[in-house]
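Me: I would like to learn how to read salt bridges and burial in a model such as the one shown here, going through it one residue at a time. Could we begin with a charged side chain and work outwards from there?

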Amino acid sequence: MIKVLLAEDMHMIRAALTALLRLERDIEVVAEVTRGDEIVPEALRVRPDVAVVDIDLPVVDGITAAATLLERLPTCRVLVLTAMGQPGHVRRALAVGIEAFLVKDAPGDRLAEAIRRTAAGLRVLDAELVSSAMQYGESPLTPRESTVLREAARGASAEEIASRLHLSPGTVRNYLTGAITKTGARNKIDAIRIAEDAGWL
């Protein structure tokens, strides 16, 4: 029996995935979590064979949580669920040692097969997804530019970001300008979109 931890914040999707997996005789969903920061503690408690992880999770994103999981519980394999429009995330995931990916709009029967292959230690790579991911290079942003752009993506003003990061508003604007320039964006909103699509945030 393959024990699975499912990390998905959208209730309807999580319920559908669980229902789908319950039809499989050799797969058992032993835990469900809705936030990235819940993955490691729950995995350490239930000891799953495979963690099926959505990238876009609240509090801690799926890739960051999965990287920690691989360190803390190396016996657990990770299968990442991703959208076709986010190939940059695949590059990020590959960099931390994740080798199994499933596109979210894949046919339902592919999930069970992907879990079996992941549990067996095999790679699960969508050729088109990986090809798209390779189009993106390493992030041109400095850690501080990434942090500032991430805060801006959450809707924070330059003044709010300055207060949180203990910087002056002018310095925050300089970091934003640097991020806009390095991403080749037209403005802050465009820089956020480009960086998110590339998996740099």
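Reply: Let us begin with Asp190, which is buried, its relative accessible area being 5%. Keep in mind throughout that this is a predicted model.

Me: With which residue does Asp190 form a salt bridge, and how far apart are the closest N and O atoms?

Reply: The partner is Arg186, and the closest N and O atoms of the two residues are 3.6 Å apart, which falls within the 4 Å cut-off that defines a salt bridge.

Me: Is Arg186 buried or exposed?

Reply: Arg186 counts as exposed, at 69% relative accessibility, whereas Asp190 is buried at 5%; in reading a pair of this kind, each residue has to be placed separately, because buried means under 20% relative accessible area and exposed means over 50%.

Me: How many salt bridges does the structure hold?

Reply: The structure holds 15 salt bridges. One of the pairs is formed by Glu145 and Lys182, whose side chains meet with an N to O distance of 3.0 Å. Glu145 belongs to helix α7 (residues 143–153) and Lys182 to helix α9 (residues 169–183), so this pair ties together parts that are 37 residues apart in sequence. As to accessibility, Glu145 is buried, with a relative accessible area of 7%, while Lys182 counts as partly exposed at 38%.

Me: Which residue forms a salt bridge with Arg173?

Reply: That residue is Glu159, and the closest N and O atoms of the pair are 2.6 Å apart. Arg173 lies in helix α9 and Glu159 in helix α8 (residues 158–165), so the salt bridge ties together parts that are 14 residues apart in sequence. Arg173 is partly exposed, with a relative accessible area of 41%, and Glu159 likewise counts as partly exposed, at 42%.

Me: Which residues are linked in a network of salt bridges?

Reply: The network links Glu24, Asp26, Glu113 and Arg116, and here the reading moves from a pair to a group of four residues.

Me: Let us close with the surroundings of Glu42. Where does Glu42 lie, and with which residues is it in contact, leaving aside its neighbours within four places in sequence?

Reply: Glu42 is part of helix α2, which spans residues 39–46, and it counts as buried because its relative accessibility of 19% falls under the 20% cut-off. Once the neighbours within four places in sequence are left aside, Glu42 is in contact with Leu5, Ala31 and Val33.

Notes:
Residues numbered from 1 in each chain as written. Predicted model: local features only at pLDDT ≥ 70, side-chain atom pairs only at ≥ 80, totals over all residues. Heavy atoms only, no water. Helix = DSSP H or I, 4+ residues; strand = E, 2+ residues; numbered from the N terminus. Buried < 20%, exposed > 50% of the residue type's maximum accessible area, 1.4 Å probe, protein only. Contact = heavy atoms within 4.5 Å.
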